[in-house]
Amino acid sequence: MELNDGNLQTLTEFLRKTLDPDPSVRRPAEKFLESVEGNQNYPLLLLTLLEKSQDNVIRVCAAVTFKNYIKRNWRIVEDEPNKVSDPDRTAIKANIVNLMLSSPEQIQKQLSDAISIIGREDFPQKWPDLLTEMVTRFRSGDFHIINGVLRTAHSLFKRYRHEFKSNELWSEIKLVLDTFALPLTELFKATIELCQTHATDINALKVLFSSLTLISKLFYSLNFQDLPEFFEDNMETWMTNFHGLLTLDNKLLQTDDEEEAGLLELLKSQICDNAALYAQKYDEEFQPYLPRFVTAIWNLLVSTGQEVKYDLLVSNAIQFLASVCERPHYKHLFEDQNTLTSICEKVIVPNMEFRSADEEAFEDNSEEYIRRDLEGSVCQEPRGELETQRRRHLFGIVDFNLQGY
């Protein structure tokens, strides 16, 4: 397929037809796209459309189609034909980062997913300049671009949380740390300073707190396998700022929505996860900072309401305290009778309440509610969307009461 106006027009028409609710129109269009996706230049035509089309619906459709094309075809399977031509692979990797960062957020997310799919197969050996190209964009000062980089990096690095240890993995993480850790730390400090500068600007705060949440997620991924020397050397910077964000309460970031967590809750939830990771895996290095985090997270728990939007935050806060009280050398933090009474009265008992939201969830789908509850009682995996209020209570009550205090 040639990169010309005629083919762009044809592709536009068929993409539009794939959105038609009439199956007799939609299915032939889908079959046509399937029949031509093996042709050279097909993915480049999609990228050209999503960059230059004047129709935003077509741009989004082209972005989704391109991401799905990459998902189906990018991996090279031994003894099977290459589904994406080498010239197309080279052209895609040469242009996709720039295109992703200059696109509207809806398109940016699709291209970010595509980059992470390509990165899982090609980074770092076949795409050695990816990180360098991304890191240079931190200097742009444009947080639309910066958040695009952070979102893509999160998609690339989150697999470090579950990969088996190997020399290949260590080599990749070392390369990432050498390139990414210092710029990420500098961005973290600069973003916090900007939050203070724009403390009364709600629009700026929304963007900046989105950045801080992504940065905190990246911190978790980069520290999961082992404690990198760089982060150990810069622990004061990270932990002092994490603690400050945990105790921050900006009225502008509070939301009236009782169901969906706001930016402040999402950030504090991730910081609780980060603190729990260090308490569990790097407790010797983390000891100087731990008492202040115990105090901050304890205060967070006793001052947080019962609304659904706080579920993940409360769950991660309880998980942090549970990971701390598991360690015998932290026993003194919890052995006082007044502390235990306070834990029961102010954390466990209030969180045992069966709320109206829980009742509604049970009435809407009782089997699903029970399934999630049972999953929570036997498997302490990352909570996410499968979290239920009773599941996190179960973790907290079991963890606190089985310590023998």
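Cys61 counts as buried because its relative accessibility is just 10%, where buried means under 20% relative accessible area, exposed over 50% and partly exposed anything in between (1.4 Å probe, protein chains only). Cys272 is buried too, with a relative accessible area of 0%. As for disulfides (a pair of cysteine sulfur atoms within 2.5 Å), a search of the whole structure turns up zero. The model is a predicted one, so local features need pLDDT of at least 70 and side-chain atom pairs count only at pLDDT 80 or more, while totals for chains, interfaces and linings use all residues. Residues are numbered from 1 along each chain as its sequence is written, and side-chain values use heavy atoms, with hydrogens and water left out.

On to the aromatics. Rings of Phe, Tyr and Trp (its six-membered ring) pair if their centres lie within 6.5 Å; planes under 30 degrees apart count as stacked, over 60 as edge-to-face and the rest as tilted. By that rule there are 19 aromatic pairs. One of them joins Phe219 and Phe242 edge-to-face, at 5.1 Å centre to centre and with 85° between the planes. This pair ties together distant parts of the chain, 23 residues apart: Phe219 sits in helix α10 (residues 202-224) and Phe242 in helix α12. Helices here are DSSP runs (H or I, at least four residues), numbered from the N terminus. Phe219 is buried, at 0% relative accessibility, and so is Phe242, at 1%. Phe230 and Phe231 also meet edge-to-face, 5.5 Å centre to centre and 90° between the planes. Phe230 is partly exposed, with a relative accessible area of 23%, whereas Phe231 is buried at 0%. Ring pairs link these residues into a cluster whose members include Phe188, Trp238, Tyr278 and Phe293.

Trp238 belongs to helix α12 (residues 235-246) and counts as buried because its relative accessibility is 0%. Setting aside neighbours within four places in sequence, Trp238 is in contact (heavy atoms within 4.5 Å) with Leu184, Thr185, Phe188, Ile215, Phe219 and Phe231. The C-alpha atoms of Trp238 and Phe219 are 9.2 Å apart, with their positions 19 residues apart along the chain.

Then there is Glu265, in helix α13 (residues 263-281). Glu265 is buried yet has no salt bridge, meaning a side-chain nitrogen of Lys or Arg within 4 Å of a carboxyl oxygen of Asp or Glu. The nearest side chain of opposite charge, Lys309, is 5.2 Å away. A polar atom of the Glu265 side chain does lie 2.6 Å from the backbone nitrogen of Gly262. Beyond its neighbours within four places in sequence, Glu265 is in contact with Lys309, Tyr310 and Leu313.

Conventions: Helix = DSSP H or I, 4+ residues; strand = E, 2+ residues; numbered from the N terminus. Lys, Arg positive; Asp, Glu negative; His and termini not counted. Polar contact = N/O pair within 3.5 Å; in protein donor to acceptor, adjacent residues only side chain to side chain.
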